[in-house]
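Hi everyone, thanks for making time. I'll just talk you through one model today, so please have a look at the sequence and the structure first.

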Amino acid sequence: MKSSWWKILTIVLLAYTIIAGLLLDVPRLPILNETIRALYFHVTMWFGMIIMLVVAVIYSIKFLRTNDLRNDDIAIEFTNAAILFGVLGIVTGMLWAKFTWGDYWSGDPKQNASAIGLLMYFAYLILRNSLTDVHQRARIGAVYNIFAFAAFIPLIFVLPRLTDSLHPGNGGNPGFNAYDMDSNLRQVFYPAVIAWTLLGTWLSVVRVKLKRAERKIEDRLINQL
């Protein structure tokens, strides 16, 4: 039970996010109206993605220091989970943009920067899969992961602020927190961030366990031969 409490918390928070996110009252703002509910999914998924990328970078650094493949296991699986949430975040953002901006993809700097950032991480997966040596793959992947994160943060959070943008918080537009992040939004927004982050962690932990089990089986087969 001690090791499962956070999994139970994940399920509870996810259920709360979905139910409360769809049913609780939200501010009636011009243009946005009911579509502001996408905030609970689009934005919070990206918050979770950033947290998972931070974890991946930490374990990439730990691998470079220790050369322990267990650290690489965590780094790659948290990156995989982050990419999944990044894709879901872009899809939900496109749906939101359709109703608020009139098109799924308007070439907004924030949209373009997000797409470029995800492409960098797709390239990370391709690079890793192109290498056959386990330690070389882990070492090169760790270095790439660190530099990709260092480029991803300014690409997502800095560059869109330097140009015109429709996205809240960019290009001179105020963020939601500046004028309408009232208590109705906060009571779902923050639990949603925790929920998606915990879900990503759960997915990553399961995949790490599978990866390590596969490695043990492979090692046993090699020793038998």
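Let me start with a small one: in which loop is N67 found? N67 sits in the loop between α2, residues 42-66, and α3. Keep in mind throughout that this is a predicted model. N67 is not a glycine, and yet its phi is positive, at about 60°. As for cover, N67 has 40% relative accessibility, so it counts as partly exposed.

OK, stepping back to the overall picture. The chain has 7 helices and 0 strands, and reading along the sequence you get α-α-α-α-α-α-α. There are 225 residues, and 42% of them count as buried. Take the contacts between residues at least 6 apart in sequence: 73% of those join residues at least 24 apart. The chain exposes about 12,300 Å², with carbon and sulfur atoms supplying 67% of that.

While we're on loops, have a look at E34. E34 is placed in the loop between α1, residues 5-23, and α2. With residues up to four places away in sequence not counted, E34 touches V26 and R28. The C-alpha atoms of E34 and L22 are 9.2 Å apart, and these two residues are 12 residues apart along the chain. E34 comes out as partly exposed, because its relative accessibility is 36%.

Now the part I'd like to spend some time on, the charged pairs. Side chains of opposite charge can pair when their charged atoms come close. The count here comes to 6 salt bridges, and I'll show you some that involve α3 and α7.

Which residues are linked with D73 in a network of salt bridges? That would be R212 and R215. For D73 and R212, the N to O distance is 3.4 Å. D73 is in helix α3 and R212 is in helix α7, 139 residues apart, which makes this a link between distant parts of the chain. For D73 and R215, the N to O distance is 2.7 Å. That pair again links distant parts of the chain, with D73 in helix α3 and R215 in helix α7, 142 residues apart.

Is D73 buried or exposed? D73 counts as buried, because its relative accessibility is 0%. Its partners are another matter: R212 is partly exposed, with a relative accessible area of 27%, and R215 counts as partly exposed at 22% relative accessibility.

Then there's R207 with E77, a salt bridge whose closest N and O atoms are 2.5 Å apart. R207 lies in helix α7 and E77 in helix α3, so this pair ties together parts that are 130 residues apart in sequence. On the acid side, E77 counts as buried at 2% relative accessibility. On the base side, R207 is partly exposed, with a relative accessible area of 44%.

E77 also turns up in the surroundings of S204. S204 lies in helix α7, and leaving aside neighbours within four places in sequence, S204 is in contact with E77, F78 and A81. Its relative accessibility is 0%, so S204 counts as buried.

Back in helix α3, we find T79. T79 counts as buried too, because its relative accessibility is 0%. What is T79 in contact with, leaving aside its neighbours within four places in sequence? The list is L53, A56, Y121, Y124 and N145.

On to the empty space. Rolling a probe the size of a water molecule over the atoms shows where empty space is left. I'll pick the second largest pocket, which holds about 460 Å³ of space. Its lining has 20 residues, and R128, V134, R137, K211 and R215 lie nearest the centre. The elements giving two or more residues to that lining are α3, α4, α5 (134-157) and α7 (183-224). Of these, α7 gives the most, with 7 residues.

Last stop, the surface. V87, V91, L95, Y104, W105, L119 and F122 make a nonpolar surface patch of about 600 Å². The elements giving two or more residues to it are α3, residues 69-100, and α4, residues 109-129. The most comes from α3, with 3 residues. One of the patch residues is V91, which lies in helix α3. V91 counts as partly exposed, because its relative accessibility is 41%.

That's my tour, and I'm happy to take questions.

Technical notes
Residues are numbered from 1 along each chain as its sequence is written. This is a predicted model: local features need pLDDT of at least 70, side-chain atom pairs count only at pLDDT 80 or more; totals for chains, interfaces and linings use all residues. Side-chain values use heavy atoms; hydrogens and water are left out. Patches are made of residues with over 30% relative accessible area and no salt bridge: like charges are joined within 9 Å, nonpolar side chains (Val, Leu, Ile, Met, Phe, Trp, Tyr) within 5 Å. Accessible areas come from the Shrake-Rupley method with a 1.4 Å probe; for residues, only the protein chains shown count as cover. A salt bridge is a side-chain nitrogen of Lys or Arg within 4 Å of a carboxyl oxygen of Asp or Glu. Helices (H or I, at least four residues) and strands (E, at least two) are DSSP runs, numbered from the N terminus. Buried means under 20% relative accessible area, exposed over 50%, partly exposed in between (1.4 Å probe, protein chains only). Contact means heavy atoms within 4.5 Å. On a 1 Å grid over the protein atoms alone, a cavity is a set of points where a 1.4 Å probe fits but cannot get out, and a pocket is an open set with protein on both sides within 12 Å along at least five of seven lines; lining residues have an atom within 4 Å of a point. Grid points are joined across faces, edges and corners, and a volume is the space filled by probe spheres set on the points.
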